[in-house]
Structure formats: C-alpha cells, structure tokens
Amino acid sequence: MIKNVIFDVGDTLIDFRHQDYMRDLGFSEETIRFLTDNMIFTDFWKELDAGKKDMDEACDHFCNLYPDLEKEIKAFWENIEDIVSEFDFSHDLVMSMKEKGYKVFLLSNYPQKLAEIHWPKLSFFPEMDGYIISAKVGIIKPDEKIYRILMDRYRMHAEECVFIDDNPENINAAKKLGITAILFTGYDDLKKELDRLNI
C-alpha cells in the first residue's frame, strides 16, 4: 500500500530553464550551446550537486577556463536565482496528494546554496513532510545510499513509496530498492500513471 509520494525537483516540479535563462540574459545561441555543454552538463556541476564544490567557486572556476566568456559567465552566476521557475501544475499536484492522505517528500540532486535560494520560494515547499538535498548529504542519485537516507530518516518502507523523477537512471535505482517509480515525461502522463496506481 502506497503511503508516501517522493518527488524529484528539477524538471519534475520546477523547470530547470537554463537555456531560456541565458536567452533572457542576452547570450548568443552559440554561447548558450557552449555553456550548456561546458558548464552545466559537467563534472563540476555534479560536484556542486554532491556538495564537493561550493557555488562561490563556480564563477571563478569557469571564468578561468573560458576567459573570453568572462562577462557572460559572471552574469550567469550573479543572476542564478532566475534559472528555474515553478511549473503551473506543481502546487495543485502536491496538494492533491496531501488531500488524499499521502505524505510528500522531495529527493533532489541540487547544490546546497541554490536550494537555499530557490526552495523557500516554491509554493509547494511548505507542504513537504521532509526532503533530502544531495549536496547536504554528499551523495547524488542514482546512488542507492541517498534513497536509503531518505527512507531511514523518515521511517519509510520501500514498498510504501512511489518515486517520480525525469531521469531514467534514478528511476531504475529506485526500482532496484523495491520502490514503485514513475518516469516523469509530462504532467498528463504522470496523472495517467498515478490513476493507474490508484494514487
């Protein structure tokens, strides 16, 4: 019997709108593509998620690597608050779970300082029964340890949980632990899956 609904955050409940964010800052499409590949989808960013690097290091790190883009990189990190936006459906989705009697949790790969900036502004955040930020525990999904930390901390059993995430690797890791898992591909498909599971 499912008692707990666990959500990923980025690209599940909020839009990690990094390319549109850079367009808002006036970056060229060439620069957007370059920084997407060489700043966002990099091992350094994974280390931010894992708490091994600090956001204060990020701007200098990438400016040193790509001095020709120093102006753009500084603008990126100085305005980082605007890199995400909450999906229109997120608050109602979370509240529908709460109204049905489920406990709701967040399990997210997220840099600590960025979570401190973003999460308190999310309309659904006060409704959470608990959460784990990867950078705070020093482990990122799909490492099974982070799922166990969440379940141990909040005294949950795997068979009583459903986990929703946009990353197939994270979904597969949850399933290996006996957690029911749904790959998030969009709100409508998620609702169908939740209905199928009678959630």
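Two strands are taken to pair if DSSP finds at least two bridges between them. In this predicted model, five strands form an open sheet on that basis, in the order E5-E4-E1-E6-E7. The pairing is parallel. Strand E5 (130-133) and strand E7 (180-183) are the edge strands, and each pairs on one side only. Direction ignored, neighbouring strands of the sheet are turned by 20 degrees against each other on average.

Strand E6 (residues 161-165) is joined to strand E1 (residues 4-7) by four bridges, and the two run parallel. In this pairing Ile6 stands opposite Phe163, and Phe7 stands opposite Ile164. Four bridges also join E6 to E7, again in parallel. There, Val162 of E6 is set opposite Thr180 of E7. Helices pack against these strands. Helix H6 (residues 90-99) lies across E1 and strand E4 (103-108), and runs at about 165 degrees to E1. Helix H10 packs on the sheet and touches E6 and E7. The direction of H10 makes about 170 degrees with that of E7.

Burial was examined next, beginning with E6. Five of the five residues of E6 are buried, so this strand is largely enclosed by the rest of the structure. In a regular strand the side chains alternate between the two faces of the sheet. Both faces of E6 are covered. Cys161, Phe163 and Asp165 are buried on one side, and Val162 and Ile164 are buried on the other.

Asp165, in strand E6, has a relative accessible area of 0%. The cut-off for burial is 20%, so Asp165 counts as buried. Neighbours within four places in sequence aside, Asp165 is in contact with Asp8, Thr12, Lys141, Asn170, Ile171, Ile182, Leu183 and Phe184.

Leu107 lies in strand E4. Its relative accessible area is 1%, and Leu107 is therefore classed as buried. Residues up to four places away in sequence are again not counted in its contacts. Leu107 touches Ile6, Phe7, Asp8, Ile132, Lys141, Ile146, Tyr147, Leu150 and Phe163. One of these contacts, Leu150, is 43 residues from Leu107 in sequence. The C-alpha atoms of Leu107 and Leu150 are 7.5 Å apart in space.

Phe87 offers a further case. This residue is found in the loop between strand E3 (84-86) and H6. Its relative accessibility is 23%, so Phe87 counts as partly exposed. Phe87 touches Asp11, Thr12, Leu13, Ile14 and Asp15, with residues up to four places away in sequence not counted. Phe87 and Asp15 are 72 residues apart in sequence, and their C-alpha atoms are 6.3 Å apart.

The pocket analysis gave the following picture. The largest pocket has a volume of about 690 Å³. Its lining is made up of 25 residues. The closest to the pocket centre are Phe41, Trp45, Asp49, Asn109 and Asn167. Strand E2 (14-16), helix H3 (43-49) and helix H10 (168-176) are the elements that give two or more residues to the lining. H3 gives the most, with three residues. By class, the lining has eleven nonpolar, six polar and eight charged residues.

Backbone geometry was examined last. A cis peptide bond joins Lys141 and Pro142, with omega at about 15 degrees. Pro142 is placed in the loop between helix H8 (134-137) and helix H9 (144-153). Lys141 is also among the contacts of Leu107 and of Asp165.

Arg155 has a positive phi of about 55 degrees, although it is not a glycine. This residue is found in the loop between H9 and E6. Arg155 is exposed, with a relative accessible area of 77%. Asn198, likewise not a glycine, has a positive phi of about 60 degrees. Asn198 is found in the segment after helix H11 (187-196). With a relative accessible area of 67%, Asn198 is exposed.

Definitions and conventions:
Residues are numbered from 1 along each chain as its sequence is written. This is a predicted model: local features need pLDDT of at least 70, side-chain atom pairs count only at pLDDT 80 or more; totals for chains, interfaces and linings use all residues. Side-chain values use heavy atoms; hydrogens and water are left out. On a 1 Å grid over the protein atoms alone, a cavity is a set of points where a 1.4 Å probe fits but cannot get out, and a pocket is an open set with protein on both sides within 12 Å along at least five of seven lines; lining residues have an atom within 4 Å of a point. Grid points are joined across faces, edges and corners, and a volume is the space filled by probe spheres set on the points. Ala, Val, Leu, Ile, Met, Phe, Trp, Tyr, Cys and Pro count as nonpolar, Asp, Glu, Lys and Arg as charged, and the others, Gly among them, as polar. Axes are lines fitted to C-alpha atoms, for helices over the stretch in contact, and angles run from 0 to 180 degrees between N-to-C directions. Contact means heavy atoms within 4.5 Å. Buried means under 20% relative accessible area, exposed over 50%, partly exposed in between (1.4 Å probe, protein chains only).
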